[in-house]
Amino acid sequence: MSGLINSAGSRSGVIGETELDYEEGTFTATFVHGNQESTTGVYTKVGRLVQVAFNFESKTISSTSGTGVQVSGMPFTAREMSPAMYNGAISTKNFDYSSGSNVQPFMTTSTTTMQFSTSGDSTIIGGLNYIDGGDRYLRVSCSYFTDTE
């Protein structure tokens, strides 16, 4: 993981006597199933709120099954919250979800691992199957909270 805290002019938010913490950088996201493919993601952290984005774009992402689709290596450990307050968006090409549609990313609390669930019933996706016939991609953007200041 690499990060940059911008120069004095960028750390500009002051609330009372508290200065806002701002950081941006890159991290390595790893698709845990199949061939363990990795990609470089970007993040922005403001206070305890983290925004991440990454893109797996490859013909080599393989189908998964079993314990759920996971991407490890998020830049900060997700805060334990009840109810979990993480949300994001996912875009795919040439993938079929074994658990339905309307998929959303979420952070596993107290880890740096992201999983995916179906919206509405929060069922963790157990498989992600590629469709033959072309390029594939998995693009994700997600916000979550951390205890790291």
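1. Start with K45, which lies over the face of F76 at 5.5 Å from the ring centre. Keep in mind as you look that this is a predicted model. F76 counts as buried because its relative accessibility is 8%, below the 20% cut-off. K45 is buried too, and so is D21.

2. K45 has a second partner to look at. Its side chain meets that of D21 in a salt bridge, 2.6 Å from N to O. D21 sits in the loop between β3 (18-19) and β4 (22-31), while K45 is in strand β5, so this pair ties together parts that are 24 residues apart in sequence. As general background, side chains of opposite charge can pair when their charged atoms come close.

3. How many salt bridges does a search of the whole structure find? The search turns up two. Besides the D21 and K45 pair, there is one between the side chains of R79 and D147, at 3.0 Å from N to O. R79 belongs to the loop between β7 (70-72) and β8 (87-93) and D147 to the segment after β13 (136-145), so the pair ties together parts that are 68 residues apart in sequence. Here the residues are partly exposed: R79 has a relative accessible area of 29%, and D147 has one of 48%.

4. Back to F76, which also pairs with a ring. Y43 and F76 form an edge-to-face aromatic pair, with 5.5 Å centre to centre and 85° between the planes. Y43 lies in strand β5 and F76 in the loop between β7 and β8, so the pair ties together parts that are 33 residues apart in sequence. Y43 counts as buried, at 2% relative accessibility.

5. Now look at T44, also in strand β5 (residues 38-46). Is T44 buried or partly exposed? It counts as partly exposed, because its relative accessibility is 28%, and partly exposed covers what falls between under 20% and over 50%. Leaving out residues up to four places away in sequence, T44 touches Y22, E23, E24, L49, V50 and Q51. The C-alpha atoms of T44 and E24 are separated by 4.3 Å, although the two residues are 20 apart along the chain.

6. On to the other aromatics. The structure holds four aromatic pairs. In one of them, the rings of F31 and F56 have centres 5.6 Å apart and planes at 65°, so the pair is edge-to-face. F31 is in strand β4 and F56 in strand β6, 25 residues apart, so to speak a link between distant parts of the chain. Both F31 and F56 are buried. F27, F31, F54 and F56 form one aromatic cluster.

7. The largest nonpolar core has 23 residues, and those with the most contacts inside it are V52, F54, V71, M74, M114, F116 and Y144. Two or more core residues come from each of β4, β6 (49-58), β10 (103-107), β11 (113-118) and β13. M74 is worth clicking on: apart from neighbours within four places in sequence, M74 is in contact with F27, A29, V52, F54, M107, T112, M114 and Y144.

8. Finally, the overall picture. The protein has zero helices and 13 strands. Buried residues make up 35% of its 149 residues. Of the contacts between residues at least 6 apart in sequence, 67% join residues at least 24 apart. The accessible surface comes to about 7700 Å², and 48% of that belongs to carbon and sulfur atoms.

Notes:
Residues numbered from 1 in each chain as written. Predicted model: local features only at pLDDT ≥ 70, side-chain atom pairs only at ≥ 80, totals over all residues. Heavy atoms only, no water. Helix = DSSP H or I, 4+ residues; strand = E, 2+ residues; numbered from the N terminus. Buried < 20%, exposed > 50% of the residue type's maximum accessible area, 1.4 Å probe, protein only. Contact = heavy atoms within 4.5 Å. Salt bridge = Lys/Arg side-chain N within 4 Å of Asp/Glu carboxyl O. Areas by Shrake-Rupley, 256 points an atom, 1.4 Å probe, with all protein chains shown as cover. Core = buried A, V, L, I, M, F, W, Y, C linked by side-chain atoms within 4.5 Å. Phe/Tyr/Trp six-rings, centres within 6.5 Å; stacked < 30°, edge-to-face > 60°. Lys NZ or Arg CZ within 6 Å of the ring centre and 35° of its normal.
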